[in-house]
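Please open the structure in your viewer and keep the selection panel at hand. The tour goes from one selection to the next and says what is there.

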Amino acid sequence: MTLELVTIPCLKDNYAYLLHDAASGETALIDAPEAGPILAELKARRWRLDQILLTHHHWDHIDGVGEIVEATSAEILGAAADAHRLPPLTRALVEADTVKIGRETGYVIDVSGHTVGHIAFYFPVSGVAFTADSLMAGGCGRLFEGTPAQMWDSLSKLRQLPPETLICSGHEYTASNLRFAATIEPDNAALTARIARVSKARAENRATVPSRLSGELATNPFLRAGEPHIKASLGMADATDAEVFAEIRARKDNF
Ligand code: FE
Ligand code: ZN
């Protein structure tokens with residue numbers, strides 16, 4: 001990738017990310033769960049912070065914004081649809097808007113479902129997408145505001161990105177997500193192998209994000225609602241993909 005990506009663990013199980021362009025010295029932060037670890041990382045790398053890209057309004061993604069802006073004077077970019085419940089935005093974004101880090105362009109994708117107004121940022125040249133609580137490693141965010149159909153539509157956009165895309169999601173939920181996935185597809189060999197890799201990583205206190213989209217396509221049940229054998233095993237052979245997604249999401253809520 002052309003931009004440098006840094007993953008920063010925050011709070012109990014959140015992640016923030018830095019994207020840095022060495023040529024221009026520009027840096028963007030994606031989500032701000034808390035200021036401390038993020039300012040420490042910037043200081044250690046001697047990077048200035050130019051912009052904060054916000055994915056959605058939940059407190060565990062924005063609570064650090066005030067203190068970080070005070071320390072860095074970074075601009076704040078977030079969804080126009082959420083402007084009323086985000087910190088004051090320098091720029092309000094809608095789907096297909098672009099952001100710039102150095103010479104690289106990122107694209108805004110509306111990924112409503114977890115919340116209505118949740119956005120993702122996709123940087124095609126570096127091959128990285130910031131999906132926060134929409135598509136997550138091994139799972140997807142809970143539907144607090146949107147409908148299952150909305151989330152299915154959002155995931156359907158993300159699944160069309162190049163399979164080698166790095167998916168940067170918002171939480172360390174992977175192990176429990178995959179435990180649930182195994183109840184949907186107990187015979188998925190790629191899933192079994194991923195569960196082993198993830199439990200080793202967690203035992204060594206390593207992050208399981210970012211993850212490759214190709215791996216999500218092979219193991220994440222929320223991207224696999226269209227698979228005929230999954231539909232059949234849920235007794236939903238004739239259901240639409242969106243209906244099967246809704247059923248899998250409902251099961252996860254009760255898992
Ligand atoms: Fe959230
Ligand atoms: Zn979150």
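The stops below cover a histidine, two pockets, a cavity and the cysteines. Keep in mind throughout that this is a predicted model.

**Stop 1: His114**

Select His114, in the loop that runs between strand S8 (104–110) and strand S9 (119–123). Is His114 buried or exposed? With a relative accessible area of 4%, His114 counts as buried, because the cut-off for buried is under 20%.

Now show the side chains around His114. The side chain of His56 makes a polar contact of 3.4 Å with that of His114. On the backbone, look for the oxygen of Arg142, which is 2.9 Å from a polar side-chain atom of His114.

To see the wider surroundings, add the residues that His114 touches, leaving aside those up to four places away in sequence. Among them are His58, Asp133 and Met151. The list also includes the run Gly141, Arg142, Leu143, Phe144 and Glu145.

**Stop 2: the largest pocket**

Move on to the largest pocket, whose volume is about 320 Å³. To find its centre, select Met136, Gly141, Arg142, Phe144 and Tyr173, the closest to it of the 19 lining residues. Gly141, Arg142 and Phe144 also appear among the residues touched by His114.

Next, colour the helices that take part. At least two residues of the lining come from each of helix H2 (59–62), helix H5 (174–184) and helix H9 (241–253). If you colour the lining by class, expect six nonpolar, seven polar and six charged residues.

**Stop 3: the second largest pocket**

The second largest pocket holds about 240 Å³ of space. Its lining has 15 residues, and those closest to the centre are Arg194, Arg197, Val198, Thr208 and Ser211. Three elements give two or more residues to this lining: helix H6 (189–203), strand S14 (211–212) and helix H7 (213–219).

Which element gives the largest share of the lining of the second largest pocket? Select H6, which supplies five residues. By class, this lining is made up of six nonpolar, four polar and five charged residues.

**Stop 4: the cavity**

Turn to the closed space inside the protein. The structure has one cavity of 30 Å³ or more, and the volume of the largest cavity is about 40 Å³. Select its lining: Tyr15, Tyr17, Ile30, Asp31, Thr55, Phe130, Thr131, Ala132, Cys168, Ser169 and Gly170.

Strand S2 (14–21), strand S10 (128–132) and strand S13 (166–169) each give two or more residues to the lining of the cavity. The largest share, three residues, is from S10. The lining has six nonpolar, four polar and one charged residues by class.

**Stop 5: Cys10 and Cys168**

Keep Cys168, one of the residues lining the cavity, and add Cys10. Cys168 is buried, at a relative accessible area of 1%. Cys10 is buried as well, at 2%.

How many disulfides does a search of the whole structure find? The result is zero. A disulfide is a covalent bond between the sulfur atoms of two cysteines. Draw a distance from the sulfur of Cys10 to that of Cys168, its closest cysteine sulfur: the gap is 14 Å, so the two are too far apart for a bond. Starting from Cys168 gives the matching result, as its closest cysteine sulfur is in Cys10, at 14 Å.

Technical notes. Residues numbered from 1 in each chain as written. Chains lettered and ligands numbered in written order. Predicted model: local features only at pLDDT ≥ 70, side-chain atom pairs only at ≥ 80, totals over all residues. Heavy atoms only, no water. Helix = DSSP H or I, 4+ residues; strand = E, 2+ residues; numbered from the N terminus. Buried < 20%, exposed > 50% of the residue type's maximum accessible area, 1.4 Å probe, protein only. Polar contact = N/O pair within 3.5 Å; in protein donor to acceptor, adjacent residues only side chain to side chain. Contact = heavy atoms within 4.5 Å. 1 Å grid on protein atoms, 1.4 Å probe; cavity = no way out; pocket = protein on both sides within 12 Å on 5 of 7 lines; lining within 4 Å. Points joined across faces, edges and corners; volume = space filled by probe spheres on them. Nonpolar A, V, L, I, M, F, W, Y, C, P; charged D, E, K, R; others polar. Disulfide = S-S within 2.5 Å.
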